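Trainee: I'm new to this one. Could you walk me through it and show me how each label gets earned?

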Amino acid sequence: MSQTANQDHQNGSSRPAPGAVLTPGALFHTGLVVENLESAMKSLSELASYHWTTVMELQVTARTPHGRQHAAQRFVLSVEEPRLELVEAIPGTVWVSDGSNGAHHVGYWAEDARIEETSAALVNLGLDVEASNDFEADGKLMWVYHRGLGGIRVELLNTLMKPSMDAWIAGTDPTEVQRDAPIN
């Protein structure tokens, strides 16, 4: 590790390395697609003492290269860090697992003013856009999945969503979180 990188590490800085698009400090969660949400929650609680948010249920629409997909989605986040996200599988959408990889995606926070730039940088690195919601919230990009890294996805989450996510993790009812979220 270079002297500057070592100093940054010791100071808790998450400044990206020259040419890097993402930083370790921006990692929010690792997402796993599971067949049965309640069963996976129970198993991971028994295995590793995880505690979970209440289940978030919402209607989601994703723009994909093949058009828009509409689906009912169910997911939770672990209260503990490093945070896990469990997403119940939705056949025929991006939220499926083919069983060849353990993690479905890694989710990174991206500043509102830079999320489109960060997404474009990932595309330039060969991580094509698989799905996004850029047609909601007046065209503002709130989340986007990029496919790459040997099958694992990189999800960028707009930091505008952070207050809602923090409230949900702290125990706020999902219906209230959805009402206060930057997209409806």
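Mentor: Happy to. Start with a rule we'll need: rings of Phe, Tyr and Trp pair if their centres lie within 6.5 Å, and planes over 60 degrees apart count as edge-to-face. This is a predicted model, and the structure holds six aromatic pairs by that rule.

Trainee: What makes phenylalanine 75 and tryptophan 168 an edge-to-face pair?

Mentor: Two values decide it. Their ring centres are 5.3 Å apart and the planes make an angle of 80°. Set those against the limits of 6.5 Å and 60 degrees, and the pair counts as edge-to-face.

Trainee: Why can we say that this pair ties together parts that are apart in sequence?

Mentor: Look at where the partners sit. Phenylalanine 75 belongs to strand S3 (residues 67-77) and tryptophan 168 to helix H4 (residues 162-169), so the pair links parts that are 93 residues apart in sequence.

Trainee: How do you know whether those two residues are buried or exposed?

Mentor: Buried means under 20% relative accessible area. Phenylalanine 75 has 9%, so that residue is buried. Tryptophan 168 has 1%, so the same label applies there.

Trainee: And why is the pair of tryptophan 143 and tyrosine 145 called edge-to-face?

Mentor: Their ring centres lie 5.7 Å apart and the planes meet at 65°, so the pair passes on both counts. Tryptophan 143 and tyrosine 145 are both buried. Together with Trp95, they form one aromatic cluster.

Trainee: Let's step back to the chain. What secondary structure does the protein chain have?

Mentor: Five helices and eight strands. Following the sequence, the pattern is α-β-α-β-β-β-β-α-β-β-β-α-α. Of the 184 residues, 44% are buried.

Trainee: What share of the contacts joins residues 24 or more positions apart?

Mentor: Among contacts with a separation of 6 or more, 60% are between residues 24 or more positions apart. As for the surface, the protein chain exposes about 10100 Å², and carbon and sulfur atoms supply 51% of that area.

Trainee: Why is alanine 40 called buried?

Mentor: Its relative accessibility is 13%, and the cut-off is under 20%, so alanine 40 counts as buried. Alanine 40 is part of helix H2 (residues 37-48). Leaving out residues up to four places away in sequence, alanine 40 touches Val34 and Leu86. Leucine 86 is 46 residues away along the chain, yet the two C-alpha atoms are separated by 7.8 Å.

Trainee: What does alanine 72 touch?

Mentor: Leu58, Gln59 and Ile90, again not counting residues up to four places away in sequence. Alanine 72 sits in strand S3. From its C-alpha to that of leucine 58 is 5.8 Å, with their positions 14 residues apart in sequence.

Trainee: What makes the peptide bond from glutamate 81 to proline 82 cis?

Mentor: Its omega, which is near 0°. Proline 82 is in the loop between S3 and strand S4 (84-88). For background, most peptide bonds are trans, and most residues other than glycine have a negative phi.

Trainee: What is phi for serine 49?

Mentor: Near 60°, which is a positive value in a residue other than glycine. Serine 49 is found in the loop between H2 and strand S2 (56-64). Its contacts, not counting residues up to four places away in sequence, are Leu44 and Glu80. Serine 49 and glutamate 80 lie 31 residues apart in sequence, with 9.1 Å from C-alpha to C-alpha.

Trainee: Last topic: the second largest pocket. Which residues lie nearest its centre?

Mentor: Val21, Leu22, Trp109, Arg114 and Thr118, out of 14 lining residues. The pocket holds about 290 Å³ of space.

Trainee: Which elements supply at least two residues of that lining?

Mentor: Strand S5 (105-110) and helix H3 (115-124). The largest share comes from H3, with three residues.

Trainee: How many of the residues in the lining are nonpolar, polar and charged?

Mentor: Eight are nonpolar, three polar and three charged. Trp109 and Val21 are among the residues nearest the centre, and both types count as nonpolar, whereas Arg counts as charged and Thr as polar.

Key:
Residues are numbered from 1 along each chain as its sequence is written. This is a predicted model: local features need pLDDT of at least 70, side-chain atom pairs count only at pLDDT 80 or more; totals for chains, interfaces and linings use all residues. Side-chain values use heavy atoms; hydrogens and water are left out. On a 1 Å grid over the protein atoms alone, a cavity is a set of points where a 1.4 Å probe fits but cannot get out, and a pocket is an open set with protein on both sides within 12 Å along at least five of seven lines; lining residues have an atom within 4 Å of a point. Grid points are joined across faces, edges and corners, and a volume is the space filled by probe spheres set on the points. Helices (H or I, at least four residues) and strands (E, at least two) are DSSP runs, numbered from the N terminus. Buried means under 20% relative accessible area, exposed over 50%, partly exposed in between (1.4 Å probe, protein chains only). Contact means heavy atoms within 4.5 Å. Accessible areas come from the Shrake-Rupley method with a 1.4 Å probe; for residues, only the protein chains shown count as cover. Rings of Phe, Tyr and Trp (its six-membered ring) pair if their centres lie within 6.5 Å; planes under 30 degrees apart count as stacked, over 60 as edge-to-face and the rest as tilted.
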